[in-house]
Amino acid sequence: MEEQILSETLRIGDKLPYIRTIQKIYNASLNTARQTFLELESKSLIESRPKAGYYVSKTSQRKLALPSISKPNSSEKDNTLEGLTHKVFDTPRKKDIRQFSLGVSDESLLPIAKLNKGVIRAMRNLDGSGTAFEPARSINLRRNNAKWSLELEGKLTEDDILTTLGTMNAIFYCLNAVKNLEIP
């Protein structure tokens, strides 16, 4: 199927056979057929549409061009402190300049559909569909942090970790801890 999509035998918008049909054609297990579709979807060659099946995606035929070399225009006003500040903070909004230092991939390189599905699935599993505010002292968060920590040979427990609602809350707890110390 991948070769057919890349050679444009299967064109953008073409409906693919159902997973069970692929299973029967290739005499494969259902899990293997599903894995095939997931692999094609992760390569952004196909996309699933709820209650409609799988289709060849719009991004399947994209050809990425080589990046061009930027030619920044410099003027006398850019050499002022204010001009340089504006130049630095306005650059991320420019679509014609790639910001390698930010460590952010271009949207066209990401499997956006798969990411969206994952976010939606995760949100559905949260209390209040993600609108509820979890308390800072969540035992589940602390337990998971302790579980995945590699520090101290994994000997951390949820009682060794304090979570906060943000920086100001963390500073508040730190100052309270210092305030309550006895200084000899």
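1. K117 is partly exposed, because its relative accessibility is 33%, a value that falls between the 20% limit for buried and the 50% limit for exposed. The model is a predicted one, and this applies to every point below.

2. K117 does not stand alone: its side chain meets that of E41 in a salt bridge, with N and O 3.1 Å apart. This pair ties together distant parts of the chain, since K117 sits in helix 5 and E41 in helix 3 (residues 30-42), with their positions 76 residues apart. What is the relative accessible area of E41, and is E41 buried or exposed? E41 has a relative accessible area of 7%, so this residue is buried. The bridge therefore joins a partly exposed lysine to a buried glutamate.

3. How many salt bridges does a search of the whole structure find? The search finds four. The one between K117 and E41 has been described; two others follow.

4. E8 and R11 form a salt bridge through their side chains, at 3.6 Å from N to O. E8 has 36% relative accessibility and so counts as partly exposed. R11 is exposed, because its relative accessible area is 51% and the limit for exposed is over 50%.

5. R49 and E47 form another salt bridge, with their closest N and O atoms 3.3 Å apart. Both ends are partly exposed: R49 has a relative accessible area of 34%, and E47 has a relative accessibility of 22%. The E47 value should be read with the cut-off in mind, because a residue is called buried under 20%.

6. E47 also appears among the contacts of S57. S57 lies in the loop between strand 2 (53-56) and helix 4 (81-90). Is S57 buried or exposed? S57 is buried, because its relative accessible area is 3% and the limit for buried is under 20%.

7. Which residues does S57 contact, leaving aside its neighbours within four places in sequence? They are I12, S44, L45, I46 and E47. For S44 there is also a polar detail: its backbone oxygen lies 2.6 Å from a polar atom of the S57 side chain.

8. The last point returns to helix 5, which covers residues 112-125 and holds V119. V119, M123 and L126 make a nonpolar surface patch of about 250 Å². K117, the residue of the opening point, is in helix 5 as well.

Note on methods: Residues are numbered from 1 along each chain as its sequence is written. This is a predicted model: local features need pLDDT of at least 70, side-chain atom pairs count only at pLDDT 80 or more; totals for chains, interfaces and linings use all residues. Side-chain values use heavy atoms; hydrogens and water are left out. Patches are made of residues with over 30% relative accessible area and no salt bridge: like charges are joined within 9 Å, nonpolar side chains (Val, Leu, Ile, Met, Phe, Trp, Tyr) within 5 Å. Accessible areas come from the Shrake-Rupley method with a 1.4 Å probe; for residues, only the protein chains shown count as cover. Helices (H or I, at least four residues) and strands (E, at least two) are DSSP runs, numbered from the N terminus. Buried means under 20% relative accessible area, exposed over 50%, partly exposed in between (1.4 Å probe, protein chains only). A polar contact is a pair of N or O atoms within 3.5 Å; within protein, one must be able to donate a hydrogen and the other to accept it, and residues adjacent in sequence count only if both atoms are side-chain atoms. Contact means heavy atoms within 4.5 Å.
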